[in-house]
Amino acid sequence: MLSIFDLKEMSESILLSRIMKTLKSYPILREIYDDAFLEDLIRDKFHYDNYLLWILASDAPLAIQILKKITSALTILGEEGMNKFRDKLRQREEPYFHSYLTELEVAAYFKSRGFDVELEPPAIETGK
């Protein structure tokens, strides 16, 4: 099984090939991870906190489970979810990535149960 430490030993072309295989299985993710982003992600392979690279290049059960959760949640939330979570799901460090994954899953959970979900509503005080 591929570990995050193995990534730095792999060539960029092999990493890209592994990622493209993953994205072929989860095509909705291509809307988040475009070619320019993937090139940058792969160039950053020497940073051991590049958790996102591991998720996209690995076939570990945990990585697959995460990709299934993301795909399911984005499907439920539709275009608005895609727009709101695109940058968030590009976080490379594990704590940030999981924080946004939780946010995504909670929104999808409530929407799937019929609740109106407003993603990132403006703050009353500032309007931002």
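## Notes on salt bridges, a pocket and a surface patch

1. Lysine 8 counts as partly exposed, because its relative accessibility is 29%, and partly exposed runs from 20% up to 50%. Keep in mind throughout that this is a predicted model. The side chain of lysine 8 pairs with that of glutamate 9 in a salt bridge, at 2.7 Å from N to O. Glutamate 9 is on the other side of the upper cut-off: with a relative accessible area of 59%, it is exposed. So this bridge joins a partly exposed lysine to an exposed glutamate.

2. How many salt bridges does a search of the whole structure find? The count is eight. As a general reminder, oppositely charged side chains can pair when their charged atoms come close. I go through two more of the bridges below.

3. Helix α2 covers residues 35–43, and both aspartate 40 and arginine 43 lie in it. They are three residues apart, which is about one turn of the helix. Their side chains meet in a salt bridge with an N to O distance of 3.6 Å; that passes because the cut-off is 4 Å. Aspartate 40 has 34% relative accessibility, so it counts as partly exposed.

4. The aspartate 40 story doesn't stop at that pair. Asp40, Arg43, Asp44 and Arg92 are linked in a network of salt bridges. If you'd like a distance to go with it, take leucine 23: along the sequence, aspartate 40 and leucine 23 are 17 residues apart, and their C-alpha atoms are 16 Å apart in space.

5. Which parts does the bridge between glutamate 105 and lysine 69 tie together? The side chains of these two residues meet at 3.6 Å, N to O. Glutamate 105 belongs to helix α5 and lysine 69 to helix α4, so the pair ties together parts that are 36 residues apart in sequence. Both ends fall in the partly exposed class: glutamate 105 because its relative accessibility is 26%, and lysine 69 because its value is 35%.

6. Now for the largest pocket, which holds about 210 Å³ of space. In general terms, rolling a probe the size of a water molecule over the atoms shows where empty space is left. The lining is made of Arg18, Lys21, Thr22, Ser25, Tyr26, Ala57, Ser58, Asp59, Ile64 and Leu67. Sorted by class, that comes to four nonpolar, three polar and three charged residues.

7. Which helix gives the most to that lining? It is α1, with four residues. Both α1 (12–25) and α4 (61–85) supply at least two lining residues each. One residue of α1 to look at is leucine 16. Leucine 16 counts as partly exposed, because its relative accessibility is 36%. From leucine 16 to glutamate 80 is 64 residues along the chain, and 28 Å separates their C-alpha atoms.

8. Is isoleucine 66, in helix α4, buried or exposed? It is buried, because its relative accessible area is 3% and the limit for buried is under 20%. A distance for the same residue: asparagine 83 is 17 residues from isoleucine 66 in sequence, with 19 Å from C-alpha to C-alpha.

9. On helix α5, which spans residues 94–112, tyrosine 109 is worth a look. Val106, Tyr109, Phe110 and Phe115 make a nonpolar surface patch of about 390 Å². Tyrosine 109 has 43% relative accessibility, so it counts as partly exposed. That value is enough for a patch, because patch residues need over 30% relative accessible area.

10. Alanine 107 is also in α5, but its class is another one. Its relative accessible area is 8%, so alanine 107 is buried, whereas tyrosine 109 is partly exposed. Across the sequence, alanine 107 and isoleucine 76 are 31 residues apart, yet the gap between their C-alpha atoms is 9.1 Å.

Key
Residues numbered from 1 in each chain as written. Predicted model: local features only at pLDDT ≥ 70, side-chain atom pairs only at ≥ 80, totals over all residues. Heavy atoms only, no water. Patch = residues over 30% accessible without salt bridge, like charges linked within 9 Å, V, L, I, M, F, W, Y side chains within 5 Å. Areas by Shrake-Rupley, 256 points an atom, 1.4 Å probe, with all protein chains shown as cover. Buried < 20%, exposed > 50% of the residue type's maximum accessible area, 1.4 Å probe, protein only. 1 Å grid on protein atoms, 1.4 Å probe; cavity = no way out; pocket = protein on both sides within 12 Å on 5 of 7 lines; lining within 4 Å. Points joined across faces, edges and corners; volume = space filled by probe spheres on them. Nonpolar A, V, L, I, M, F, W, Y, C, P; charged D, E, K, R; others polar.
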